[in-house]
Structures are given as C-alpha cells and as structure tokens.
Protein chains: 2
Amino acid sequence: MQEKEFSIGIDIGGTNTDFGLVNRRGDISFQDNLKTRTYKHPGDFVTALKNKLTAAIREVGKEKITGIGIGAPNGNVYSGNIELAANLPWKGVIPLRQMVKDAFALPAFLTNDANATAIGEMTYGAAKGMQDFLLITLGTGVGSGFVANGKLIYGHDGFAGELGHVTAIRDGRPCGCGRRGCLETYASATGIVTTAIEFLRQEGIKFDDRMQQDWLLPVWEKNNRVSAKEIYLAARAGDPLAAEIFDFTGKILGQTLADAVAITSPKAIIFFGGLAKAGAYILTPAKKAMEENLLAIFKNKIELIPSGLVERDAAILGAAALAWQ
Amino acid sequence: MQEKEFSIGIDIGGTNTDFGLVNRRGDISFQDNLKTRTYKHPGDFVTALKNKLTAAIREVGKEKITGIGIGAPNGNVYSGNIELAANLPWKGVIPLRQMVKDAFALPAFLTNDANATAIGEMTYGAAKGMQDFLLITLGTGVGSGFVANGKLIYGHDGFAGELGHVTAIRDGRPCGCGRRGCLETYASATGIVTTAIEFLRQEGIKFDDRMQQDWLLPVWEKNNRVSAKEIYLAARAGDPLAAEIFDFTGKILGQTLADAVAITSPKAIIFFGGLAKAGAYILTPAKKAMEENLLAIFKNKIELIPSGLVERDAAILGAAALAWQ
C-alpha cells in the first residue's frame with residue numbers, strides 16, 4: 001500500500017477561507033484562498049474550493065493524499081456539521097464534512113476553527129510541548145481552543161471553548177449570536193472598531209486640545225469609518241485616543257481571561273488572528289486587567305503569548321493535522 | 001503480599017471535616033467528623049484526626065489500608081499543599097498531604113474538595129458513566145470539579161475548576177479571596193444569607209401588606225440573623241420574600257453557569273452541598289437564567305441535577321477513591 005504523503009488543510013473564516021496542501025513535515029506546498037462571503041450557498045463554496053484545489057491534487061497524485069481537515073466557526077468534530085455560525089453567510093446546520101467528502105472523494109474531518117489553530121500551535125507553534133493551554137483567536141470574531149493533558153477538550157457536544165461567547169459585559173453590546181455583551185463584541189477586530197466609533201463620536205463632541213496630536217479623528221471625519229488596522233497604526237504612531245481604545249479593549253479581554261483561567265488553569269494563553277497582531281498594544285492592558293482579576297493562586301504565573309506562526313499557515317497546518325490524526 | 005481492603009477518605013470543609021473508612025465496594029464502615037474552625041493550627045487538626053481514627057484503623061488492621069485520600073478547599077493534587085484557602089482557618093501554604101502521611105505513616109493523596117466530590121459522583125452518584133460534566137458544590141463556599149473525557153481536569157497548576165471565583169457581578173460583593181463579585185459571594189449558603197439580609201433590611205423599610213403572610217421577616221426581627229436553612233424552610237412554606245431571595249440567587253448562578261458551559265460544554269451539571277439541598281428552589285431559577293444566557297448551540301441540552309448521594313458520604317467516597325487510584 002502506497003504511503004500517504006500529503007493532507008489538505010482548510011481554514012474557513014468569516015472573511016477569508018485559506019487552504020493548502022501540507023506534507024508530514026508541515027511544509028505547505030500549495031496555498032490559496034477564497035472570500036467566504038462571496039458564496040451564499042455552501043454548495044457553491046465547496047465547488048469553488050474543489051476548482052481551486054484540483055490542479056494541486058492532480059500534480060501530487062490523489063492517491064498520496066490522506067484526507068482533508070477543515071477548521072470552521074462552530075464546526076462540530078462529532079457531527080461534522082457547521083452549526084448556527086453567527087459569522088458565516090450560511091445559516092442553520094451545514095453538513096460540511098459530508099459535502100467535502102462527497103465532492104473530493106477523500107476522507108474529511110471537521111472541527112472548530114480555533115481548535116484547528118490550537119492543534120497547529122501545539123504541533124508547530126508557541127504551544128509546542130505544552131500540556132495545558134488556551135488558544136484564543138482574535139479575528140472577525142473571538143474563538144478559543146482549550147487543551148488539557150495535551151488533548152483538545154471538545155466537551156459533550158463538541159462545542160467546548162466558545163470563549164468568544166462568554167458574557168464580558170452583562171447586558172452589553174448586541175452580538176451576532178442573538179445575545180448581549182459577548183467577549184467577541186469587544187475583543188475582536190469588529191469589536192475594536194465599534195469601540196473606536198463610540199469613542200470618536202464622543203470625542204467629536206468634546207473635542208479638546210489633547211486631540212491636536214491625534215490622527216485617528218481626522219481619518220474618521222474624512223471617511224466616516226475606521227478599520228482595526230488604522231486604530232493599530234494610530235496607536236503605534238502615538239495617537240492617545242487609539243491607545244485608549246486598545247486599553248479599553250484589553251481591559252475587557254483581561255477581565256474575561258481571569259474567569260477562563262479560574263475554570264481551566266492554563267500554563268499560557270496564546271493569541272492568534274488579526275487583532276492579536278497588535279501585540280503589546282492589546283496584550284499589555286489585557287495582562288494588567290487579568291492579573292488584577294486573578295485569584296491569588298493564579299497570579300504572576302500565566303503567560304500571554306502572541307502566536308509564533310504566520311497567521312494563515314497555523315490554521316491550515318492545524319486543519320491538515322486533523323487529517324493525519 | 002496482603003491485599004489492601006480499605007482506604008480512608010477525609011473531606012475538609014470550611015465548617016465541618018468528615019472522614020471515614022471505606023472498602024472497595026464503597027461501603028463506609030466507620031465515619032466521624034470534626035469542627036474545622038476549632039483548630040487554629042493545622043498540626044493540631046492532624047493530631048485530632050489521628051486520635052479520632054486510631055481505634056478504627058487498629059480494628060481493621062493498618063496493613064489492610066491502602067492509603068488516605070483528602071479533599072480540601074484549594075487542595076493541590078500536584079504539590080499536596082492547601083494553598084491560600086479563603087474559607088479555612090489556616091493561612092498561607094499548608095503541606096497537608098505530607099503532614100497526614102507523617103502522622104499516620106500511610107500513603108496520602110490530596111486534591112480540591114470539589115474534585116474529590118466529582119470523583120465520588122462519577123464513581124457512585126449522578127455522574128456515573130458520564131464523560132463530560134461539571135460538579136458544583138454550593139456549601140459555605142462554591143467549588144467545582146470539571147470532568148472531560150472521563151478525567152478530572154486539573155490544569156497546569158492543579159487549580160482548574162475554581163468556578164466559585166469566576167466574577168458573577170463585576171465590582172460586586174467583597175469575597176474572602178480579596179476580590180469582588182465572585183460567584184461564591186452570591187450562590188453559597190453564606191451568599192444567600194447576605195442576600196436575605198439585604199432584602200430584609202430593604203423590606204423592613206418598605207414593609208407592605210404582602211409581608212403579612214411572611215414569616216422570614218419576623219424571624220429576622222426577632223434574632224437579627226437568618227440561616228440558609230431558615231430561608232429554605234420559609235420558601236417551602238410559601239413565603240414570597242424567601243422565594244424572591246432564591247430567584248435572585250438562582251439567576252446569578254444560572255448566568256455564570258452559561259459562561260462555564262460555553263467553555264466546557266458539559267452533558268450535565270451536578271449540584272452538591274448544603275444549598276443544593278434546596279433543590280428546585282435554587283435549580284429552577286438557575287436553569288431559567290442559564291437557558292436565557294446560553295449560546296443557541298447549547299440550549300435545552302444541559303441537565304442541572306441535584307446530587308444523588310448523601311452529602312457527607314460523597315466527599316468521603318471521592319476522597320477515598322483518590323487513594324485507590
């Protein structure tokens with residue numbers, strides 16, 4: 001029997017879907033992406049995936065591919081379904097593992113996108129060798145993968161680790177999930193933009209001389225919109241309002257982390273995703289608020305670490321690792 | 001080599017310490033208790049334990065005892081220490097496993113009291129056969145044991161499952177741990193008494209005709225104190241203020257449970273301890289608030305179950321089971 005040399009990893013995000021062909025050493029030999037929101041029907045999405053991957057599969061030989069691993073928001077490892085994902089264009093329950101298996105005629109495996117990233121970090125990244133850690137993705141939404149005794153914790157329903165939907169602020173901002181005050185409405189790329197808009201509207205009214213040195217306000221006044229990246233660049237350039245926006249975001253994140261630590265007692269918390277790229281701008285206030293809210297037995301023990309992996313690689317590698325398992 | 005037939009289980013609580021001699025089938029052949037707070041020094045406590053157990057050990061023969069399992073607040077399975085326990089009379093770090101081992105000249109094992117109870121429930125109680133569940137103790141304080149894939153989750157430091165110190169109300173009531181708003185300041189026997197006092201003080205001022213049918217207020221006015229048990233008896237007798245106190249307590253518990261579910265995805269949550277004996281009075285409002293705050297993927301799936309075991313038995317059995325493992 002021919003040895004399988006490759007697997008395919010697919011990382012489905014609210015905005016982008018990244019995928020690649022990965023060998024056993026973790027080298028990605030082919031990589032491409034799709035805009036997730038373009039596909040109103042999951043069937044069209046799977047067809048587009050297949051079209052983009054066909055040439056690469058043919059090149060290495062289909063018989064050398066062990067299978068396809070998929071990381072997706074609300075992906076359920078047990079059922080193979082994407083269930084009620086707030087940040088995807090597809091509503092209800094989508095049997096994506098079966099759809100991919102049928103389309104590619106290859107074994108397929110599906111889990112939560114954050115769980116796939118946690119597997120990637122554990123195998124190749126900042127969590128290498130760790131037995132107990134939390135992986136948190138700060139992207140369009142907030143996800144988490146929770147590893148104890150060196151194994152991903154899926155829980156009874158396969159949905160453990162939904163830290164993005166822990167209530168950070170009781171009766172706070174409305175969330176895509178239909179509830180209020182979820183961590184993801186504050187500590188995601190979307191959440192920090194909402195915070196910026198709130199702060200900027202407020203600042204527009206009580207414009208004071210401190211604002212002379214700002215450049216975030218002019219950006220907002222010109223375009224009537226800002227992006228998470230613009231807030232980051234403004235903070236880096238010394239804009240005090242941008243720094244306040246990051247402090248506020250980090251504080252809410254840190255308070256919620258303290259509660260997650262009380263339940264899971266991790267060695268470290270690894271941060272991944274677009275907003276995590278802001279590094280110390282988000283992690284310094286998060287660490288401060290976490291420490292202030294930690295039970296004494298946990299204080300000064302838990303590291304907050306930005307991911308060491310290239311963003312799209314980690315999720316692809318993690319998803320691909322699902323197929324090896 | 002002679003087969004070991006017995007183990008000793010010791011459950012240390014903020015108020016009472018229960019202990020017993022247990023055989024492999026889970027029968028408790030000797031059982032006694034101590035008032036924990038009587039012993040200002042842990043050395044005196046261990047001496048008192050030994051005095052109370054000596055006759056029972058001599059009777060079955062020390063050579064037939066495999067070891068001693070201890071469940072204690074903030075008990076650390078890795079170090080064998082009780083570390084910074086807010087509800088015990090002993091401050092700092094107490095090397096209790098070593099002290100018990102030396103005093104009895106028997107192998108000793110120590111873990112969190114709630115973890116020991118979770119082992120008891122998993123072996124003999126409501127969680128028998130469950131792979132993924134939360135055990136929550138509602139006693140003097142609030143503790144929890146978190147089981148995933150059929151194993152207790154201890155986390156990196158051995159302190160996973162400190163649900164009692166998850167922040168239920170931001171900047172809420174001061175807690176023995178030095179922080180504010182911990183679940184245990186609301187959803188413990190101590191917490192519900194605090195709530196009752198707050199409600200009764202308020203009611204004393206705005207005494208209305210609804211209060212004519214109450215008996216909780218007269219109890220309070222006579223003694224200037226109420227107990228958790230009196231609140232429960234009043235609720236059972238139809239006292240509307242007592243029902244309100246339980247509804248308030250259950251609501252805060254349920255909101256926090258929803259967050260714990262998002263992280264751990266349990267099949268069920270088992271309730272144990274003094275306040276859990278109030279059954280539906282606490283669990284009905286808790287279930288309602290939990291469901292209102294659950295992410296859609298978890299709704300109507302998770303059972304809240306009162307412990308099926310006699311209270312002091314479960315913790316003794318769980319602690320004793322530590323020694324068998």
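In what order do the five strands of the open sheet in chain A run? The legends below start there and then move on to the chain contact and one helix.

**Figure 1. The open sheet of chain A, in a predicted model.** Reading across, the order is β10-β9-β8-β11-β12, and the pairing is mixed. At the margins sit β10 (151–152) and β12 (303–306), the edge strands of chain A, each with pairing on one side only. As for confidence, chain A has an average pLDDT of 90, with 95% of its residues at 70 or above. The model as a whole comes with an ipTM of 0.86 and a pTM of 0.87.

**Figure 2. Where β9 meets β10 in chain A.** Here we zoom in on strand β9, residues 142–148, and its neighbour β10. The two run antiparallel and are joined by two bridges. Look for A:Val147, which stands opposite A:Leu152 of β10(A). Remember that β10 is one of the edge strands, so to speak a border of the sheet.

**Figure 3. The side of chain A that touches chain B.** On each chain, 37 residues take part in the contact. On the chain A side, β9 and α7 (240–264) each bring in at least two residues. Helix α7(A) is the top contributor, giving five. Sorted by class, this side of chain A holds 17 nonpolar residues, 11 polar ones and nine charged ones. Strand β9 thus turns up twice in these views: it pairs with β10(A), and it also supplies residues to the side facing chain B.

**Figure 4. How the two copies are related.** Turn chain A by 180°, with a shift of 0.0 Å along the axis, and it lands on chain B with an RMSD of 0.0 Å. That's what a two-fold axis does. Both copies use the same surface for the contact, too: 100% of the contact residues in chain A come back in chain B.

**Figure 5. Helix α6 of chain A and its buried face.** This helix covers residues 228–236. Its buried residues are A:Ala228, A:Ile231, A:Tyr232, A:Ala234 and A:Ala235. Why do they line one face of the helix? Viewed down the axis of α6(A), they fall within an arc of 165°, so one face is where they end up. As a reminder, an α-helix makes a turn every 3.6 residues, so positions three or four apart point the same way. Just past the end of α6(A) comes A:Gly238, with a positive phi of about 95°.

Terms used
Residues are numbered from 1 along each chain as its sequence is written. Chains are lettered from A and ligands numbered from 1 in the order in which they are written. This is a predicted model: local features need pLDDT of at least 70, side-chain atom pairs count only at pLDDT 80 or more; totals for chains, interfaces and linings use all residues. pLDDT is the predictor's confidence in each residue, from 0 to 100. Two strands pair if DSSP finds at least two bridges between them. Helices (H or I, at least four residues) and strands (E, at least two) are DSSP runs, numbered from the N terminus. Two residues are in contact if their C-beta atoms, placed from the backbone, lie within 7 Å. Ala, Val, Leu, Ile, Met, Phe, Trp, Tyr, Cys and Pro count as nonpolar, Asp, Glu, Lys and Arg as charged, and the others, Gly among them, as polar. Copies are superposed by least squares on the C-alpha atoms of residues with pLDDT of at least 70 in both. A residue is buried if 20 or more other C-beta atoms lie within 10 Å of its own, exposed if 12 or fewer, and partly exposed in between; C-beta atoms are placed from the backbone. The arc is that of the directions from the helix axis to the C-beta atoms.
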